Amino acid sequence: MRMKLFSNAKFNRKSYLCILIIIICLITSLTIAYSILNTTLNISGSTNIVASNWNVYISSYIKVDEGSVTLDQPTISSDKTHLDFSARLEEPGDYYRFVLRIRNKGDIDAMIESIIKTPELTEEQSKYLIYNIEYEDGTPITEKHFLQKTDGTAKVAVTVAYRKDVSLANLPTSDVNLNLGLSFVYTQADDSSVVSPSAPFNKLVGYAYVYDTFGNRNRITEDDIIITDVETYETIDCTITGSDYYCSFEEVYNNRKYKVSLKNHTGYVLRDVTMMDENDVYNSVVDENGYISIPSSYYEDTIYAKFYFDSMITTNKDYRSTIYVRQSSDASLVEIEGTSITLTNLLSGDTLTIDGVYDSDGLFTYYVSNVISDIPYEVTLNFGDVLYTMDSIFAKNGNGEYINVNYNNTSNKFIIPSNIKDSSKHINIRVYITLN
C-alpha cells in the first residue's frame, strides 16, 4: 500500500511541474506578444487656415425704368452696402422703379437670411401707395435664396408707385413724406438654401460668322440665329437685321444652357461662341457638349456675342494626309496587301475609302486628300480576315511632333485640330493597332 501511495505522489509531482512549466511559458509568450504590440505612433504636422473673404455688396450698375417720374439714379454708399433714392409721386399712376444688382464677389456662398422693410406701410398708406421688392422678372424674393460665391449676381427691382386704382376716399388729403428703408440680410449659405430664379438679360446682341476654305471669317448677313433651351426645348428665333447684320435676343437667362444653330444654313456646325464680359473682353462660353451659357458675372444689360460656324459644305480647312498603320508593340508598319481604310465624317455621314499602296520609299501607306480640321471622323481598317484592336491615333504637327488626336476617348474616332497643320498643309497620321 505504501509503495503504491508513494508512486502516486511521485506522479502527481511530475504533473505539477509540467503544469507549472506550461504556465510560465504562456506568461512569457503573453509578455512577448504585448511587447510586440506596444508601439508608439507619433504624428506631427501643421495646419494653415486660409483667410476667407466675405464680399456681398450692391453693384454700381443700376437701371431706372424709362417710365419713372425721374431717371435720377439712386446713390450708393462708399462701402456699397447702403442705397438712397428719392421720388416725387404727384398723381395716381406715377411710379419710380429701378433695378439694382446684388453681387457676391467673396469666396463664401451666401443666402438671404431676411428682408426688412422699414417701416412697413400702414393700412391707410397701402390704399394709395405700392412699395414692392421683387426680382427683375417679377419673381418674389424669399428667405434662403442662394447667392453663389465668386460671381453670384441677383437682379432686384424696387418699385414705389401711386396706385392707379385708388379711390377718391382713399386719396391723401395732404402731402406725404415717407422715408422708406429696405434691408437685405445675407448670411453664410447652408444646406437649407434654395436656388433663386435665373435673372434674364434684357438683350443679347449676336453676330454670326462662318469660316471659309482659307480659314477666314465671313459675316453671315441673311439667316436666323436660333437659341434652344436645353432643358425646356423652348426656342428663340431671331432674324439677322440692320446695317451691321446683328440679331437681338430678349429674355435670355444667365446660367442656363442653350443650343445654337442657324435656321437656313443647315449644313453649318457651331465652332465657338464668345461673349463680352464686364471688362470688354470676349471669352468663350461653349462647354464640352457644345452648349452655351451666359455666366452670372456678365451683368451688363446688353451682352455682345459672336457666333462662329463651320460649313460642312464649304469646308474651313482641309489637309492632304498620309496614314501609316503601325503595330503598337514595336511601331513597325503593318503591310497587308489588298487592304483599305474608310474615313467617315461623323457630322455629314460622308464616307471615303482609300486603298493602301507602296510609296516611293517602299512604305505601305494610305493617301487622303481632304481630311477636314475640327470635324470628328471615324476610321475603319478593312483588313479582311486579319483581326486587330485599335489603340490610338497620332498626327504630326507643325513642330514635327506627333500628338494624340483621339476623340471622345474612343480609339477609332479623331479630330485634326485646326492649329496642327504645317506650311505644306500635309499631315502625317499614325494609326496604332495590335494584331490579334
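Visitor: Where is the place of Lys144?
Guide: Happy to start there, and please keep in mind that this is a predicted model. Lys144 is partly exposed, with a relative accessible area of 33%. Along the chain, the place of Lys144 is in the loop between S6 and S7.

Visitor: What is the phi of Lys144?
Guide: Most residues other than glycine have a negative phi. Lys144 is not a glycine, yet its phi is positive. The value for Lys144 is about 80°.

Visitor: Which loop holds Tyr245, and what is its phi?
Guide: Tyr245 sits in the loop between S15 and strand S16 (247-249). Tyr245 is partly exposed, with a relative accessible area of 36%. Phi of Tyr245 is positive in a residue other than glycine, near 55°.

Visitor: Which cysteines form a disulfide, and how far apart are their sulfur atoms?
Guide: The structure holds one disulfide. A disulfide is a covalent bond between the sulfur atoms of two cysteines. Here the partners are Cys238 and Cys247, with their sulfur atoms apart by 1.7 Å.

Visitor: Is Cys247 buried or exposed?
Guide: The cut-off for buried is under 20% relative accessible area. Its partner Cys238 falls below that cut-off at 7% relative accessibility. Cys247 has 1% relative accessibility, so Cys247 counts as buried.

Visitor: What is the order of the open sheet of three strands?
Guide: Let's work in from the edges. Strand S15 (235-239) and strand S18 (258-262) are the edge strands, each pairing on one side only. The pairing is antiparallel, and the order is S15-S14-S18.

Visitor: How many bridges join S14 to S15?
Guide: Strand S14 covers residues 224-229 and runs antiparallel to S15. One facing pair is Asp224, which stands opposite Thr239 in S15. The number of bridges joining S14 to S15 is five.

Visitor: In what order do the strands of the open sheet of four run?
Guide: The edge strands here are S9 and strand S10 (194-195), each of which pairs on one side only. Inside the sheet, strand S5 (residues 110-118) and strand S7 (residues 145-147) run antiparallel and are joined by two bridges. The pairing of the sheet is mixed, and the order is S9-S5-S7-S10.

Visitor: Which residue of S7 stands opposite Ala110?
Guide: Strands of a sheet pair through backbone hydrogen bonds, either parallel or antiparallel. For S5 and S7 the sense is antiparallel. Opposite Ala110 stands Leu147.

Visitor: Which strand gives the most to the lining of the largest pocket?
Guide: The space in this pocket is about 1100 Å³, and 36 residues line it. Elements that give two or more residues to the lining include strand S1 (56-64), strand S4 (95-104), strand S8 (152-162) and strand S9 (181-188). With five residues, the strand that gives the most is S9.

Visitor: How many residues in the lining of the largest pocket are nonpolar?
Guide: Phe85, Val160, Leu178, Asn179 and Leu180 lie nearest the centre of the pocket. By class, the lining has eight polar and five charged residues. The nonpolar residues number 23.

Visitor: Is Arg103 buried or exposed, and how far is its C-alpha from that of Gln148?
Guide: Arg103 is found in strand S4. Its relative accessible area is 1%, so Arg103 is buried. Arg103 and Gln148 are 45 residues apart along the chain, and their C-alpha atoms are separated by 8.8 Å.

Visitor: How far apart in space are Gly93 and Arg163?
Guide: Gly93 lies in the loop between S3 and S4 and is partly exposed, with a relative accessible area of 25%. In sequence, Gly93 and Arg163 are 70 residues apart. In space, C-alpha to C-alpha, they are apart by 5.8 Å.

Visitor: How many bridges pair S28 with S32?
Guide: Strand S28 (residues 388-396) and strand S32 (residues 426-435) pair in the antiparallel sense. Within this pairing, Phe394 stands opposite Arg430 in S32. The number of bridges between S28 and S32 is seven.

Visitor: Which residue in the turn between S28 and S29 has a positive phi?
Guide: S28 and strand S29 (residues 402-404) pair in the antiparallel sense over three bridges, with Ala395 opposite Ile403 in S29. The two strands form a hairpin with five residues between them. In the turn, the residue with a positive phi, about 80°, is Gly400.

How values were computed:
Residues are numbered from 1 along each chain as its sequence is written. This is a predicted model: local features need pLDDT of at least 70, side-chain atom pairs count only at pLDDT 80 or more; totals for chains, interfaces and linings use all residues. Side-chain values use heavy atoms; hydrogens and water are left out. On a 1 Å grid over the protein atoms alone, a cavity is a set of points where a 1.4 Å probe fits but cannot get out, and a pocket is an open set with protein on both sides within 12 Å along at least five of seven lines; lining residues have an atom within 4 Å of a point. Grid points are joined across faces, edges and corners, and a volume is the space filled by probe spheres set on the points. Ala, Val, Leu, Ile, Met, Phe, Trp, Tyr, Cys and Pro count as nonpolar, Asp, Glu, Lys and Arg as charged, and the others, Gly among them, as polar. A disulfide is a pair of cysteine sulfur atoms within 2.5 Å. Buried means under 20% relative accessible area, exposed over 50%, partly exposed in between (1.4 Å probe, protein chains only). Two strands pair if DSSP finds at least two bridges between them.
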